Amino acid sequence: MKIIEGVRISDGIAIGTLYFLKNKAVEIGRKKIDDPEKETARFDEARIKACLQLDRLYEETKETLGEENAAIFDIHKMMLEDLDYIESVMAIISEQNVNAEYAVERTAEKFSAMFSAMDDDYMKERAIDVLDISGRIQKILCPALYGQYEITTPSIIIADDITPGEAVGLDKKMVLGIATVKGGVNSHTAILARSLALPAVFGFREISANIANIESLDGKHAILDGFTGKLYIEPDEVVIKAMSEKLDEIRKKRELLNKLKGLPSVTADGRKINLYANVNHVSDIDDAVNNDAEGIGLFRSEFLFLDRKNAPTEEEQFAAYKKVAAHMNGKKTIIRTLDIGADKQVSYFKMPKEENPAMGLRAVRLCLSEPQIFKTQLRALYRASAFGNISIMIPMVTSVWEVGEVLKLIEEVKSDLKREEIPLNNKTEFGIMVETPAAVIISAELAEMVDFFSIGTNDLTQYTLAADRQNSNIGSFYEPHHPAVMKMIEMTVKSAKDAGIWVGICGEIAADLELTEIFLNMGVDELSVSPNMLLPLRERIRAIIPPNATII
Ligand code: PEP
Ligand code: MG
């Protein structure tokens with residue numbers, strides 16, 4: 001047995017086989033092949049699989065969102081059956097003796113350019129669709145290209161590093177836990193692991209960045225203990241027994257917590273706290289509902305943009321937001337607008353490479369510099385607002401000017417929709433994330449412009465303490481409990497209270513049970529946490545007896 005230690009990321013215990021995620025150096029290269037006929041057959045097999053996927057998506061979407069929303073999948077299937085497209089790919093494979101992924105890439109580029117150059121608006125839109133269908137085929141041909149791996153048995157994933165896009169692409173049923181060499185405590189991959197209640201440990205420096213070393217762990221039996229940050233490789237009987245007992249204990253504790261479902265999140269003196277869930281994906285909503293979320297405090301809409309070849313269309317976004325709101329059945333659903341940049345990169349925005357992407361063209365900055373992308377999202381959000389209790393929230397605000405610009409765009413979008421007689425909720429709440437020191441300092445002015453604040457302590461900590469949330473080497477400098485961060489939270493809450501708006505916390509620290517009482521004393525109205533932390537937090541809130549409280 002060998003034991004290695006890393007940094008605790010997400011509690012829990014995983015027992016199983018290690019699966020090495022070989023996610024480096026995978027790109028669509030031009031490779032010479034010996035047998036063009038075999039390669040053509042490989043392409044056609046992938047194309048047929050893609051058609052079957054689209055049939056399934058069409059049926060599922062038709063059932064949940066109606067025929068109109070499902071139509072896009074039918075169009076995609078027709079494009080995949082288009083003879084010109086098929087012949088183009090096959091000709092490149094056989095004439096140049098190259099791999100299918102590359103031939104699909106070239107064909108996608110050619111057809112996309114051709115559609116873009118057309119006068120007809122309908123045909124112009126097909127430029128994106130042809131990239132989409134090509135991406136679908138490439139994903140089947142080479143799953144690793146998109147961070148999608150064929151893991152056939154539930155395993156503990158081990159890797160040098162995993163991007164949020166790659167994590168999104170993993171088949172969750174096949175992931176027991178995550179162990180990586182790199183990655184910070186509040187990186188988005190860490191947040192994803194916590195929100196999926198997957199045991200995770202990052203920063204296994206012992207295996208260093210030596211991929212060959214990690215690779216040698218592939219297939220070995222292991223136990224990952226997210227509570228202590230230890231990975232037991234080929235554990236002995238004593239460890240296996242101890243860990244199995246620990247797992248049993250966790251299950252029993254969970255059963256006890258389930259008894260809190262349906263009870264209000266109130267302190268002993270009757271103060272109500274809004275207990276909301278952070279979710280990253282439409283599919284996480286079930287988890288939030290099953291854990292009795294009283295609302296969604298943070299829906300990270302940018303996850304809709306990851307793991308794909310082009311931005312989701314207005315229709316796709318509308319369908320997703322509408323589904324989330326409908327599922328929450330009238331409960332508040334706060335959707336954060338696009339926070340792309342930093343560790344969440346997408347190739348299709350063609351953003352210039354930045355030295356410090358966390359301080360670069362990220363979130364609202366990107367949205368204001370690409371108003372068309374932003375307006376598409378705002379249109380989808382306001383359209384969905386007619387179908388549920390949606391609030392809109394802007395990330396990474398640093399100035400009054402940014403909020404003013406966003407409000408102008410919102411007015412434009414709303415009046416366009418009204419002119420088109422598309423229903424929307426005119427009273428949709430509008431708020432901002434307070435996650436930069438600048439926003440804290442000017443929070444009194446910002447509070448006059450919005451309906452609510454949600455404090456993003458993950459970023460607020462990194463920007464206040466100048467400590468990269470991605471970097472596991474500076475773990476101890478990234479300290480959300482730092483008095484400077486606490487003071488920032490206090491200042492923000494005060495500004496909100498003075499202006500008469502509500503204020504919540506949606507950073508990971510909201511789930512820190514040691515701080516719950518402090519936050520409540522500051523005057524925080526809402527805490528938004530990953531679904532598996534909702535009931536532990538409700539238990540904590542209900543146990544709080546404020547000084548001089550009259551117990552009711
Ligand atoms: C935060 O910064 O605290 C936050 C909630 O947003 P994200 O983690 O997505 O940056
Ligand atoms: Mg943030």
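**Exercise 1. Is lysine 38 buried or exposed?** Work from the predicted model.

*Solution.*
Step 1. Find the residue. Lysine 38 belongs to helix 1, residues 36-65.
Step 2. Take its relative accessibility, which is 60%.
Step 3. Apply the cut-off: exposed means over 50%. Lysine 38 therefore counts as exposed.
Step 4. Add a distance. Serine 495 is 457 residues from lysine 38 along the chain, and their C-alpha atoms are 67 Å apart.

**Exercise 2. Describe the shell around ligand 1, by residue, class and element.**

*Solution.*
Step 1. Count the residues. Ligand 1 is surrounded by 17 residues. The closest are His188, Arg300, Arg336, Asn458 and Arg469.
Step 2. Sort by class. The shell holds eight charged, five polar and four nonpolar residues.
Step 3. Place the ligand. The largest cavity is the space that ligand 1 takes.
Step 4. Assign the elements. Those giving two or more residues to the shell are helix 7 (188-195), strand 10 (296-300) and helix 17 (457-465). Helix 17 gives the most, with three residues.

**Exercise 3. List side chains with an N or O atom at 3.5 Å or less from an oxygen atom of ligand 1, then give the cover.**

*Solution.*
Step 1. Take arginine 336. An N or O atom of its side chain is 2.8 Å from an oxygen atom of ligand 1.
Step 2. Take glutamate 435. Here the distance from a side-chain N or O atom to a ligand 1 oxygen is 2.9 Å.
Step 3. Take arginine 362. Its side-chain N or O atom is 3.5 Å from an oxygen atom of ligand 1.
Step 4. Turn to the cover. On its own, ligand 1 has 290 Å² of accessible area, and the protein covers 100% of that.

**Exercise 4. Characterise arginine 469, one of the closest residues to ligand 1.**

*Solution.*
Step 1. Locate it. Arginine 469 sits in the loop between helix 17 and helix 18 (483-499).
Step 2. Check exposure. Its relative accessibility is 4%, so arginine 469 counts as buried.
Step 3. Look for a partner. The side chains of arginine 469 and histidine 188 share a polar contact of 3.4 Å.
Step 4. Return to the ligand. His188 and Arg469 are both among the closest residues to ligand 1.

**Exercise 5. Which polar contacts does the side chain of asparagine 278 make?**

*Solution.*
Step 1. Locate the residue. Asparagine 278 lies in strand 9, residues 274-279.
Step 2. Check exposure. At 3% relative accessibility, which is under 20%, asparagine 278 is buried.
Step 3. Take the side-chain partner. Asparagine 278 and serine 528 make a side-chain polar contact of 2.6 Å.
Step 4. Take the backbone partner. A polar atom of the asparagine 278 side chain is 3.0 Å from the backbone oxygen of cysteine 506.

**Exercise 6. Describe two residues other than glycine with positive phi, asparagine 97 and alanine 363.**

*Solution.*
Step 1. Give the angles. Phi is near 55 degrees for asparagine 97 and about 50 degrees for alanine 363.
Step 2. Give the settings. Asparagine 97 lies in the loop between helix 3 (83-96) and helix 4 (100-116). Alanine 363 is in helix 12, residues 363-369.
Step 3. Give the exposure. Asparagine 97 is partly exposed, at 29% relative accessible area. Alanine 363 is buried, at 0%.

Methods
Residues numbered from 1 in each chain as written. Chains lettered and ligands numbered in written order. Predicted model: local features only at pLDDT ≥ 70, side-chain atom pairs only at ≥ 80, totals over all residues. Heavy atoms only, no water. Near = heavy atom within 4 Å. Polar contact = N/O pair within 3.5 Å; in protein donor to acceptor, adjacent residues only side chain to side chain. Areas by Shrake-Rupley, 256 points an atom, 1.4 Å probe, with all protein chains shown as cover. 1 Å grid on protein atoms, 1.4 Å probe; cavity = no way out; pocket = protein on both sides within 12 Å on 5 of 7 lines; lining within 4 Å. Sits in = over half its atoms within 2 Å of the grid points. Helix = DSSP H or I, 4+ residues; strand = E, 2+ residues; numbered from the N terminus. Nonpolar A, V, L, I, M, F, W, Y, C, P; charged D, E, K, R; others polar. Buried < 20%, exposed > 50% of the residue type's maximum accessible area, 1.4 Å probe, protein only.
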